[in-house]
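Student: Could you walk me through reading a strand pairing and a ligand site? I would like to start with the strands.
Tutor: Gladly, let us bring the structure up.

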Amino acid sequence: MAKDTRGLVIVISGPSGVGKGSVNKLLIDRCENLEVAISATTRKIRENEVDGRDYYFISKEEFEKKITDNDFVEYALVHGNMYGTLISEVNRRIEEGTNVILEIDVQGGRSVKNKFPKCVSIFILPPNMKELAVRLNGRATDDDETIKLRLDTAESEIKCVYDYDYAVVNENLNDCVSKIKNIIISEKSRVKRQDEIIKKLLNGGTIL
Ligand code: 5GP
């Protein structure tokens, strides 16, 4: 994907355990010019996570200061912890023409749609609820109470799928990633996203 227009903001949501993290990792490997915005959170770091790679793990006080300083595109309380998308992770990238993934919950998805009306939103669905429970239980990074809370929330999150532009089932990781890659490529080709280069062409300029 060439850096010919403003970067696309891509919202990716889905219930815990649906595989958003794995999908995003593969997408980054397979798509040119695509990056993930690292969110800030007050959640405790898991054993397999790295600060600054998976999240910016910060205290409640630091999070509140960032709210006061208007550092967030959006923030929300999710499963008892605060999560927020940092302006610094998004604006520079889209201005440079880099496409950016926001892996956020359904509340965040709503806020981002208001702030970036041209964003594209994708909801990842599990093949069935039993499989979601199996995946969450298999994680071994969360305790039983956390798993229960996440499963209880899953159904209400899935009902929000109707607010999204696309729904992709993650039964097979490769297929799911291919579908999302195709969505991104198609969305980049929309005429409304190529206004600038079309104007350039009509003014006698060269597009690429
Ligand atoms: P986890 O704790 O499993 O990494 O993430 C829990 C939930 O928080 C997921 O649904 C994830 O998409 C969401 N989340 C992660 N970062 C953000 C963010 O910056 N904003 C919002 N609103 N939700 C987020």
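Student: Which residue in strand 4 does Thr-41 stand opposite?
Tutor: Keep in mind that this is a predicted model. Thr-41 has Phe-57 of strand 4 opposite. Strands count as paired when there are at least two bridges between them. Here strand 3, residues 40-41, and strand 4 are joined by two bridges, and their pairing is parallel.

Student: What is the strand order in the sheet?
Tutor: Reading across, the order is 4-3-6-5, in an open sheet of four strands with mixed pairing.

Student: Why is one side of strand 4 and of strand 5 left without a neighbour in the sheet?
Tutor: Both stand at the edges and each has a single partner strand, so one side of each has no neighbour there. Strand 4 covers 56-57.

Student: Now the ligand. Where does the ligand sit?
Tutor: In the largest pocket. Two elements each give two or more residues to the shell around the ligand: strand 5 (72-78) and strand 6 (81-86).

Student: Which residues come nearest to the ligand?
Tutor: There are 17 residues around the ligand, and the nearest are Ser-39, Arg-43, Tyr-55, Tyr-83 and Arg-150. By character, the shell divides into seven charged, five polar and five nonpolar residues.

Student: Which polar side-chain atoms should I look at around the ligand's oxygen and nitrogen atoms?
Tutor: For a polar contact, look for N or O pairs within 3.5 Å. Tyr-83 has a side-chain N or O atom 2.5 Å from a ligand oxygen, and a polar side-chain atom of Arg-43 lies 2.6 Å from an oxygen atom of the ligand. On the nitrogen side, Asp-105 places a polar side-chain atom 2.7 Å from a ligand nitrogen.

Student: How much of the ligand's exposed area does the protein bury?
Tutor: The protein buries 97% of the 510 Å² that the ligand exposes when taken alone.

Technical notes. Residues are numbered from 1 along each chain as its sequence is written. This is a predicted model: local features need pLDDT of at least 70, side-chain atom pairs count only at pLDDT 80 or more; totals for chains, interfaces and linings use all residues. Side-chain values use heavy atoms; hydrogens and water are left out. A residue is near a molecule or strand if one of its heavy atoms lies within 4 Å of it. A polar contact is a pair of N or O atoms within 3.5 Å; within protein, one must be able to donate a hydrogen and the other to accept it, and residues adjacent in sequence count only if both atoms are side-chain atoms. Accessible areas come from the Shrake-Rupley method with a 1.4 Å probe; for residues, only the protein chains shown count as cover. On a 1 Å grid over the protein atoms alone, a cavity is a set of points where a 1.4 Å probe fits but cannot get out, and a pocket is an open set with protein on both sides within 12 Å along at least five of seven lines; lining residues have an atom within 4 Å of a point. A molecule sits in a cavity or pocket if more than half of its atoms lie within 2 Å of its grid points. Ala, Val, Leu, Ile, Met, Phe, Trp, Tyr, Cys and Pro count as nonpolar, Asp, Glu, Lys and Arg as charged, and the others, Gly among them, as polar.
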